[in-house]
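The following exchange examines a structural model through questions and reasoned replies.

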Amino acid sequence: MRAALTTPSPSTQPTQPMGNPWWGLLPTCGYLLLFFALPVGYLLSASFRATQGTGLDFAPGWTLEHYREFFSSASNGISYLRSLGIALATVATSTLLAYPLAYALAFVVPKSQQKFLLFCTVAPFWTSFVIRSFAWQLLLAKRGPLNGLLGKIGIGPIEILYTHAATLLGLTAFGTMLIALNLFAVMESIPPNYLDAAADLGARRWQSFWTVIFPLSLPGLGIGALLTFILAFGDYIVPTLLGGGLRTVLAQAMHGAISTSFNVPRAATYAAMMLATILTVSVPVLVLTRSRQEVHS
Amino acid sequence: MTLVRSRAETWMDVLLLGGLAGFLGILYLPLLVVGIFSFNSGRYQVLPLKEFSVQWYQNVWRDPAFGEAFGHSILVGVAVSLTATAVGFLGAYALVHSHFPGKTVLSALLVTPIAVPGILLGIALRVYFFRLGWQFSLFSVYLGHLVFSIPLALLLMRSRLRQIPKSLEEAAWDLGAKRWQGMWRVVLPLAFPAVIASLLLTFTFSFDEFIVAYFLTQFEQTLPIKIWANLITGFDPTVNAIGSLIVLSSLTLGAIAQVSLSKFSTRGVSS
């Protein structure tokens, strides 16, 4: 039947003469091997070396000394826990804010406005991270506009700049966008008749949210929350501009180890702790997200 | 929808829309404050405002260091976006059109550079280049920015290439086209919106990127590094002016990319 319908082609050429174009991946793989895998691998290996003099002048042999130092020093532990606490708090607040936001974008705003409002939410992604953080700095400053306003209505100036609260605020603005976008993508793809069915069965709005929308949104939440965690956990810019330099987070400790003393093994140990934490968080989240997607598709 | 809304639910709608407006307000308020202060003649960033003035914009124009840093950022951004888009296109094409064992694992691994914090990447590359004895320059910034730009371009283009029916390229082969001719004359034009989006996105990421560049350059500053230096060592209101300019141009580029990306659905070739 099919053979009868096909027009005779210039029959010397088969339809797929080309084979696998796997070679197209060579530049990407080669580049990432040379400038990502090797540098990161080399840095991690440096965490097991002992310094001799300065910089990359390592003593022969391997050592766990830097890890022992990391776990026995209170200031390292506190930096690490600060980063972890800030990252978890950012994810939690961002998630709470992102749900109503994504719901409003997906189901409440008029369809004609949806694209525009979505663009307005994404647009700040496009502006420089340094400038956005510095803009918060300006707004929150001790004698800045926010405190000017608060002073006028009598709540008085509050000292928020250079505290962890300011760091959290700056990171949450970003995290909320990131999570809301991912939630919006999954919410929008929910077939409307699911919601109609729930309504026909007598579900009120909040019931259809909890029983239909929320469970279906979990893969989006997983990805958005993971990206937010990584960003907040490893960020250097916001903790420095908004949190100040005194109560250091892990990224700042890492920066200090390199730029003040070029102590590569120490910076490498911080890096290893950072990567290990990100990996520990990512793997279960990705596995859960993937299994959920498979259940629902 | 056939939903009948009760009064309470209508109030809920109003509340949700109010929340959305409030969030957008909070996102844009700090940027607006920067814009306002950029026209304020006072040296200190405090209320009440002094007179209207464009002196900080004139400063941007006059200070050669800003112009130079701007030029460096443009140079690196253009080079990064062209390279990443070309390499990413090839990679995405290969991922979509070929099968080999371990493909799923490989495609997951290729995305990991996006999930590694910038400071870690910056330090790893600094140590690596130092070890190799390379000079730190704009070229090392270019190499560093490619690490996260290539996966980004690849992801963007892979999702577009998946939508293009393979039969179109096969038709070209039937007519005697070679592999590269099919890629160049059939696939690339159909992937055009994604190519534009990838060029713009990777350019913006590179142009705005601070921490990797900070660790990889020595004398030639990029714009974010120049701004950072200005912020850390005594504030100069010129930063307000340059910040406002960057925000405006980023938003414009973002709008262009958005429009070109939304052509995915309209100028589609879905079978």
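The questions below concern confidence, the contact between the chains, helix packing and the nonpolar core.

This is a predicted model, in which local features need pLDDT of at least 70 and side-chain atom pairs count only at pLDDT 80 or more, while totals for chains, interfaces and linings use all residues. Residues are numbered from 1 along each chain as its sequence is written, and chains are lettered from A and ligands numbered from 1 in the order in which they are written.

Me: Which element of chain A has the highest mean pLDDT?
Reply: The pLDDT is the predictor's confidence in each residue, from 0 to 100, and chain A averages 87. Helices are DSSP runs of H or I with at least four residues, numbered from the N terminus. Helix H1 of chain A (residues 2-5) has the lowest mean, 46, and the highest, 96, belongs to H2(A).

Me: Which helix gives the most to the side of chain B that touches chain A?
Reply: Two residues are in contact if their C-beta atoms, placed from the backbone, lie within 7 Å. On that basis 73 residues of chain B and 76 residues of chain A take part. With 17 residues, the helix that gives the most to the side of chain B is H1(B).

Me: How are H6(A) and H1(B) oriented to each other?
Reply: Axes are lines fitted to C-alpha atoms, for helices over the stretch in contact, and angles run from 0 to 180 degrees between N-to-C directions. The axes of H6(A) (residues 129-140) and H1(B) come within 8 Å and cross at roughly 75°. Angles of 65 to 115 degrees count as roughly perpendicular, those under 35 as roughly parallel, those over 145 as roughly antiparallel and the rest as oblique. The two helices are therefore roughly perpendicular.

Me: Why are H2(A) and H3(B) described as oblique or perpendicular?
Reply: H2(A) (residues 26-46) and H3(B) (residues 64-97) pack with their axes 7 Å apart, at an angle of about 120°. Their contact includes Tyr31(A) and Leu90(B). The helices are therefore oblique.

Me: Which helix supplies the largest share of the largest nonpolar core?
Reply: Such a core is a set of buried Ala, Val, Leu, Ile, Met, Phe, Trp, Tyr and Cys residues joined through C-beta atoms within 7 Å, where buried requires 20 or more other C-beta atoms within 10 Å. The largest has 152 residues, and Ile123(B) is one of those with the most contacts inside it. The largest share, 15 residues, comes from helix H8 of chain A.

Technical notes. Buried ≥ 20, exposed ≤ 12 C-beta atoms within 10 Å, placed from the backbone.
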